[in-house]
Amino acid sequence: MRSEALLSVRDLRIAFDGVEAVRGLSFDVRPREVLAVVGESGAGKSLTARALLGMLPPGATAGGTVRLLGETDLAAQRGRRIALVPQDALSALSPVHRVGDQLAAAVRSVARVSRREARARAVAALDRVGIPDATRKARAYPHEFSGGMRQRAVIAMATINEPDVLVADEPTTALDEERRDQVLRVLGEQREAVGAALVLVTHDLDVVRRHADRALVMYAGRLTELGPADEVLTRPLAPYTAGLLASLPEHARGRRLPTLPGTPPAPGALPAGCAFAPRCPLAAEACHHEEPEPVPVDERLVACHRWAQVPDLAVELFMEKPHASSS
Amino acid sequence: MPRLLEVRDLVVRYGPVTAVDRVSFSLEAGETLALNGPSGCGKSSTALAVLQLRRPDGGEVGFEGRELTTLTERELRPLRPRMQPVFQDPYGSLSPRHRIRDAVAEPLKVQGRWNAETGPARVAELLDRVGLDPSYGDRHPHELSGGQCQRAGIARALASEPRLLVLDEPVSALDPSVRAGVLNLLADLQDELGLGYLFICHDRAVVRHFADRVIEMRDGRISSSQLRRSPGAAPR
């Protein structure tokens, strides 16, 4: 598992004013894979994605290492070997520059090529993502593009320098299902065309099911579970993963949906032991004293003292018992 | 008894664009009707026209037996509390400068139903009803999570004692686990209070789970309409 790493993250720690929001996270990204990073708001997914790009917010202090093919200065590689696919295509493009010029500038920021050559690459990139009449469209401004075309243009921009890794943070959250699938299809095609891996931060488990090779489940700034996406989603080893899955509408009994009891802990107000223990139906004595470290189980990593007690139908852990009244 | 909501041949235009093109449907108390469809299909425009927040360009909106489209703003005012919107962005729909307690109390004050003695207890009761500890009343929206904020928005809507809630993508911005809790809350409130829900949502799995009937919209028109849950098949 380790030897295949394209990008390797070791003991990543991100803190604000001494309070850790990401607490010792280690994982690898393999060449050409789609790795989904899932978890509830506040789990540290977006901070992790920003750390990969060397784009931590002001006030954040980071520890540990992020290495891309041996290189540790990730900010210097941004736009070259690692690139961001922005969530909001409108604000990612400058409103006062022509779309083609913006793509050409991205080319010339990393390669010594003529303006003419950079512009030709920009037109080719727009053509690749399916923008009709790319030569003419390259001379247009972002406001002259439809929303879907803008989305394609930023994907063209992210892939134009053929990076090794793409990082997308909730790229489809604001979109309806049709647009969501369209964006992910175009992103998938371009990712394959340039041979990049994709780190896909999302809370949409349907997207994970359909588009990811592996899934990294995070809780309270730590790894909970990491493994092949289909296995993680069909037979979770960690109770937390099971709780996330149980809350999907397909598991409804009658009209009520299973829910995770309680709320995630705030950074700086973590319980002793496993951070999920207070919400966990399987928590035992040890869970309240000792934070579990990730251990390998077959092709997976799981950080849970009780993983061996998780039933095959793990979502059952969170099913409500029938009750007379809810009020 | 008249239907809770009866919409006939609703038309909404923005300049030359017809956003809603002769849409008709009805909704009973205690029922959830979902409007589903891609961005730009006209579902949110339909919601705004039903609420008379954007006066329709044609058609009729009957609410509890009253025809709304012919009423003046003044005549609408006493009816407005009975039809309340809940919007997608929980932070955007609450004023960032007001404490949660004041946001929930505001409808009571505006409607002249505020009683200095019993008001605070009523606010606490509403917060409790939506699953928020009344101590959250002291906080500002940014001090709440997305799910808690959406619950506060629902408490504010309930303060007006509505019969109809128009829910415009109420759970689309939420994590699945948080979304499940808010959907359960809405289901409980409907069972308890007999509210009618016009539920606008682009997530088909959520719609299939939550709605009694689904209307699919495309390019401003109804493209299909179906019964999702037969009352006998899915006991509440």
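This is a guided tour of a predicted model, moving from one helix to the interface of two chains, then to aromatic rings and a few single residues.

**Stop one: helix H4 of chain A**

Begin by selecting residues 99-108 of chain A, which form helix H4, and colour them apart from the rest; this helix is mostly covered, with seven of its ten residues buried. The buried positions are Val99(A), Gly100(A), Gln102(A), Leu103(A), Ala104(A), Ala106(A) and Val107(A). To see what covers them, add helix H5 (115-128) and helix H7 (147-159) of chain A to the selection, since the buried residues of H4(A) pack against these two helices. As you look along the axis, it helps to recall that an α-helix has 3.6 residues a turn, so residues three or four places apart point the same way.

Now pick out Ala105(A), which also belongs to helix H4 of chain A. Is Ala105(A) buried or partly exposed? With a relative accessible area of 45%, Ala105(A) is partly exposed, because the value falls between the 20% and 50% limits. If you draw a distance from its C-alpha atom to that of Ala134(A), the viewer should give 17 Å, for two residues that are 29 apart in sequence.

**Stop two: where chain A meets chain B**

Show both chains next and select the residues in contact across the boundary, where 24 residues of chain A are in contact with 29 residues of chain B. Between them the two chains bury about 2200 Å², and 48% of that area lies on carbon and sulfur atoms.

How many salt bridges are there between chain A and chain B? The count is three, and one to display as sticks is that of Arg256(A) with Asp188(B), in which the closest N and O atoms are 2.7 Å apart. Turning to polar contacts, the rule finds ten residue pairs across this interface, both residues of each pair being at pLDDT 80 or more.

Then hide chain B and look at the side of chain A that touches it, to which helix H8 (residues 177-194) of chain A gives the most, with three residues. Coloured by residue class, this side of chain A divides into eight nonpolar, eight polar and eight charged residues.

**Stop three: aromatic rings**

Over all chains, a search of the whole structure finds five aromatic pairs. Select Tyr240(A) and Phe276(A), whose rings form an edge-to-face pair with centres 5.2 Å apart and 70 degrees between the planes. This pair links distant parts of the chain, 36 residues apart: Tyr240(A) sits in helix H11 (residues 239-246) of chain A, and Phe276(A) in the loop between H11 and strand S10 (295-297) of chain A. Tyr240(A) counts as buried, because its relative accessibility is 1%, and Phe276(A), at 6%, also counts as buried.

Moving to chain B, select Phe199(B) and Phe210(B), whose ring centres are 4.8 Å apart and whose planes stand at 45 degrees, so the pair is tilted. Phe199(B) lies in strand S8 (residues 196-200) and Phe210(B) in helix H7 (residues 204-210) of chain B, eleven residues apart. Relative accessibility is 0% for Phe199(B), which counts as buried, and 0% for Phe210(B), which likewise counts as buried.

Before leaving the rings, return to chain A and add Tyr219(A) to the earlier selection, since ring pairs link Tyr219(A), Tyr240(A) and Phe276(A) into a cluster.

**Stop four: single residues**

Go next to strand S4 (residues 60-68) of chain A and select Ala62(A) within it. At 53% relative accessibility, Ala62(A) counts as exposed, because the value is over 50%. Its C-alpha atom is separated by 4.4 Å from that of Ile14(A), although the two residues are 48 apart along the chain. Leaving aside neighbours within four places in sequence, Ala62(A) is in contact with Arg13(A), Ile14(A) and Leu56(A).

The last two selections concern backbone angles. Which phi does Arg32(A) have? Arg32(A) has a positive phi of about 65 degrees although it is not a glycine, and you will find this residue in the loop between strand S2 (19-29) and strand S3 (34-38) of chain A. Arg32(A) counts as exposed, at 54% relative accessibility.

In chain B, finish with Glu64(B), in the loop between strand S4 (58-63) and strand S5 (66-67). Glu64(B), not a glycine, has a positive phi of about 50 degrees, and at 26% relative accessibility this residue counts as partly exposed.

Methods
Residues are numbered from 1 along each chain as its sequence is written. Chains are lettered from A and ligands numbered from 1 in the order in which they are written. This is a predicted model: local features need pLDDT of at least 70, side-chain atom pairs count only at pLDDT 80 or more; totals for chains, interfaces and linings use all residues. Side-chain values use heavy atoms; hydrogens and water are left out. Buried means under 20% relative accessible area, exposed over 50%, partly exposed in between (1.4 Å probe, protein chains only). Helices (H or I, at least four residues) and strands (E, at least two) are DSSP runs, numbered from the N terminus. Contact means heavy atoms within 4.5 Å. Buried area is the accessible area (1.4 Å probe) that two parts lose on being put together, summed over both. A salt bridge is a side-chain nitrogen of Lys or Arg within 4 Å of a carboxyl oxygen of Asp or Glu. A polar contact is a pair of N or O atoms within 3.5 Å; within protein, one must be able to donate a hydrogen and the other to accept it, and residues adjacent in sequence count only if both atoms are side-chain atoms. Ala, Val, Leu, Ile, Met, Phe, Trp, Tyr, Cys and Pro count as nonpolar, Asp, Glu, Lys and Arg as charged, and the others, Gly among them, as polar. Rings of Phe, Tyr and Trp (its six-membered ring) pair if their centres lie within 6.5 Å; planes under 30 degrees apart count as stacked, over 60 as edge-to-face and the rest as tilted.
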